[in-house]
Amino acid sequence: MTESQYSILPKEGPYDTAIGSALITMVEPHVGHERAYNRWYERDHFYAAALAGPGAFAGGRFVATRECKAARPRHGTLFGDPGRGSYLALYWLLPGAREEWSAWTARQVEMLAPHG
């Protein structure tokens with residue numbers, strides 16, 4: 001690449017980085033469908049339905065093992081039953097991108113839902 005291809009970058013810093021929004025999902029798949037759900041999410045949904053959206057720049061997935069779930073407070077009710085929520089996904093959006101990302105996601109759901 002030539003220097004001219006980077007002409008949109010400022011010649012001098014500071015090069016600020018900012019996080020606009022964090023999207024968080026915590027899911028407990030239906031019993032017996034955990035493997036299929038996890039494969040679908042990691043091979044398709046994570047990328048095609050979230051990270052491909054406008055303004056999304058990073059994401060990560062985490063699995064709560066039995067040991068992790070056992071360490072949760074038993075009387076915590078903020079997210080319902082503390083034994084549920086095996087999969088956590090985080091997505092990071094650039095500042096000002098939340099509204100556009102949400103509209104894009106809604107259009108994707110409308111387009112894909114009829115196809116299963």
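**Exercise 1: what lines the largest pocket**

Sort the lining of the largest pocket by class: how many residues are nonpolar, polar and charged?

*Solution.* Before you start, note that this is a predicted model, in which local features need pLDDT of at least 70, side-chain atom pairs count only at pLDDT 80 or more, and totals for chains, interfaces and linings use all residues. Residues are numbered from 1 along each chain as its sequence is written, and side-chain values use heavy atoms, with hydrogens and water left out.

- Get the classes straight: Ala, Val, Leu, Ile, Met, Phe, Trp, Tyr, Cys and Pro are nonpolar, Asp, Glu, Lys and Arg are charged, and the others, Gly among them, are polar.
- Now count: the lining has 11 nonpolar, 6 polar and 1 charged residues.
- For the space inside, the largest pocket holds about 380 Å³. (A pocket is an open set of points on a 1 Å grid over the protein atoms alone, where a 1.4 Å probe fits, with protein on both sides within 12 Å along at least five of seven lines; lining residues have an atom within 4 Å of a point.) The volume is the space filled by probe spheres set on the points.
- Look towards the centre: of the 18 lining residues, Trp40, His45, Ala49, Val109 and Leu112 are the closest to it.
- Then go by element: strand S1 (21–27), helix H1 (34–51) and helix H3 (98–112) each give two or more residues to this lining. H1 supplies the largest share, 7 residues. (Helices, H or I with at least four residues, and strands, E with at least two, are DSSP runs numbered from the N terminus.)

**Exercise 2: the second largest pocket**

Find out which residues line the second largest pocket.

*Solution.*

- Its space comes to about 170 Å³.
- Going round it, you meet Met26, Arg72, Pro73, Gly76, Thr77, Leu78, Phe79, Gly80, Asp81, Pro82 and Arg84.
- By class, that makes 5 nonpolar, 3 polar and 3 charged residues.

**Exercise 3: two loop residues**

Decide whether glycine 53 is buried or exposed, and do likewise for serine 86.

*Solution.*

- Pin down the cut-offs: buried means under 20% relative accessible area, exposed over 50%, and partly exposed in between (1.4 Å probe, protein chains only).
- Glycine 53 sits in the loop between H1 and strand S2 (56–63). Its relative accessibility is 5%, so glycine 53 is buried.
- Who's around it? Beyond residues up to four places away in sequence, glycine 53 touches Trp101 and Trp104 (contact means heavy atoms within 4.5 Å). Its C-alpha is 7.1 Å from that of threonine 105, although 52 residues separate the two in sequence.
- Serine 86 belongs to the loop between helix H2 (66–70) and strand S3 (87–93). At 10% relative accessibility, serine 86 counts as buried too.
- Setting aside neighbours within four places in sequence, serine 86 has contacts that include Val27, Phe62 and Lys69.

**Exercise 4: the sheet**

Work out the order of the strands, and explain why S1 and S2 each have one side without a neighbour in the sheet.

*Solution.*

- The 3 strands form an open, antiparallel sheet in the order S1-S3-S2. (Two strands pair if DSSP finds at least two bridges between them.)
- S1 and S2 stand at the edges with a single partner strand each, so one side of each has no neighbour in the sheet.
- Check the S1 and S3 pair: 7 bridges link them. Here isoleucine 24 faces leucine 90, and leucine 23 has tyrosine 91 as its bridge partner.
- Check S2 and S3: 7 bridges join these as well, with phenylalanine 62 opposite leucine 88.
- Finish with S3, which is mostly covered, as 5 of its 7 residues are buried.
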